[in-house]
Amino acid sequence: MNVIKKLVLSAAVLLTAAGNSFSQTFSNTPNDTVSMVGLMEDLETLTIQQLNISANTIQLKWKKVSVSVPALWDASVCDNSICYTSLVDSGTMNAINPPDYGFILLHVTPHVNYGTAIIRYAVWDVVNPSLKDTLTFILTVNAPSAIDETENRKAFSVFPNPVKESIHIVSKEYSSFRFLITDIYGKEIQKGISKANSININTENIPNGVYDISIFYKDGITGSKKFILQH
């Protein structure tokens with residue numbers, strides 16, 4: 001009987017060890033859900049990055065889980081390999097070396113209808129497909145209210161996105177502004193001043209990645225957006 005018990009215990013230990021032999025090789029930044037309020041007819045960018053926290057190169061796959069988007073809105077998905085023209089069903093990212101990152105990025109443009117878009121994609125490491133993370137992207141566009149005046153004053157456009165050699169910023173309300181580009185860790189990459197309502201910024205010397213661009217107006221109003229740099 002003692003021998004049987006030992007065999008059973010040994011088997012349990014082996015099964016437990018086997019179950020723990022895989023661990024997550026990436027972490028989602030900022031987390032597995034992003035939510036923002038957008039403006040009608042303004043292209044919005046929602047991004048969740050997958051940071052390689054392992055010591056090895058990893059490759060991530062992704063698949064659409066669910067989509068709820070108001071009628072007439074445009075929506076498409078990108079990863080670190082390609083930007084699609086729609087919310088395609090699935091894809092495979094380019095390999096990610098440590099400590100680099102991949103990303104799932106959505107472009108959503110609201111048209112005509114106010115409401116909320118909720119889009120979910122699952123992402124996982126190809127070496128361990130059982131460890132799936134579900135990413136949730138939420139964009140809300142509200143009907144006009146008292147706060148819309150301030151929101152409209154924040155509004156600016158950034159294009160193209162993804163960016164290659166240069167990025168163009170156009171302010172919708174102001175004739176001048178300051179800008180600041182930071183990486184995902186908040187490190188300053190580039191800053192400057194535009195003396196007109198638009199500026200073209202050379203990005204050839206900035207490494208590939210996902211960045212934040214913020215603009216600051218003289219009356220204290222600020223705004224920010226994310227963009228992808230892919231040379």
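In this predicted model, T182 has E188 of strand β13 as its bridge partner. That pairing belongs to a wider pattern: strand β12, residues 177-182, is joined to β13 by 6 bridges, and the two run antiparallel. Strands of a sheet pair through backbone hydrogen bonds, in either a parallel or an antiparallel way.

Step back, and you will find β12 and β13 in an open sheet of 4 strands, ordered β13-β12-β15-β16 with antiparallel pairing. Which strands stand at the edges? They are β13 (188-194) and β16, and because each has a single partner strand, one side of each is left without a neighbour in the sheet. From one strand to the next, the twist averages 20°.

Now for the aromatic rings. Searching the whole structure gives 5 aromatic pairs. One of them joins W62 and Y84 in an edge-to-face arrangement, with 5.9 Å from centre to centre and 75° between the planes. This pair links distant parts of the chain, 22 residues apart: W62 sits in strand β4 (residues 60-68), while Y84 is in the loop between β5 (74-78) and β6 (90-92). How exposed is each partner? W62 counts as buried, at 1% relative accessibility, whereas Y84 is partly exposed, with a relative accessible area of 25%.

A second pair brings us back to the sheet. The rings of Y211 and F227 have centres 5.8 Å apart and planes at 25°; the pair is therefore stacked, since planes under 30 degrees apart count as such. Y211 is part of strand β15 (residues 209-216) and F227 of strand β16 (residues 222-229), so the pair ties together parts 16 residues apart in sequence. Y211 is buried with a relative accessible area of 6%, and F227 is buried too, at 0%.

Rings can also gather in groups: W62, Y84 and Y121 form one aromatic cluster.

Lysines take part in the ring contacts as well. Here are two cases in which a lysine lies over a ring:

| Lysine | Ring | Distance from ring centre |
|---|---|---|
| K132 | W124 | 4.5 Å |
| K225 | F156 | 5.6 Å |

K225 deserves a longer look. This lysine is placed in strand β16, one of the edge strands of the open sheet. Is K225 buried or exposed? At 16% relative accessibility K225 counts as buried, because the cut-off for that label is under 20%. Leaving aside neighbours within four places in sequence, K225 is in contact with D42, L43, E44, F156, V158, Y211, D212 and I213. Among these contacts are F156, whose face K225 lies over, and Y211, the stacking partner of F227.

The last stop is H107, a residue of strand β7 (residues 101-109). With 10% relative accessibility, H107 counts as buried. What does the side chain of H107 reach at 3.4 Å? It is the backbone oxygen of N161. Not counting residues up to four places away in sequence, H107 touches L43, E44, T45, D74, A75, S76, C78, N161 and P162. L43 and E44 appear among the contacts of H107 and also among those of K225, a handy pair of residues to select when you view the two sites together.

Conventions. Residues are numbered from 1 along each chain as its sequence is written. This is a predicted model: local features need pLDDT of at least 70, side-chain atom pairs count only at pLDDT 80 or more; totals for chains, interfaces and linings use all residues. Side-chain values use heavy atoms; hydrogens and water are left out. Buried means under 20% relative accessible area, exposed over 50%, partly exposed in between (1.4 Å probe, protein chains only). A polar contact is a pair of N or O atoms within 3.5 Å; within protein, one must be able to donate a hydrogen and the other to accept it, and residues adjacent in sequence count only if both atoms are side-chain atoms. Contact means heavy atoms within 4.5 Å. Rings of Phe, Tyr and Trp (its six-membered ring) pair if their centres lie within 6.5 Å; planes under 30 degrees apart count as stacked, over 60 as edge-to-face and the rest as tilted. A charge sits over a ring if NZ of Lys or CZ of Arg is within 6 Å of the ring centre and within 35 degrees of the ring normal. Two strands pair if DSSP finds at least two bridges between them. Axes are lines fitted to C-alpha atoms, for helices over the stretch in contact, and angles run from 0 to 180 degrees between N-to-C directions.
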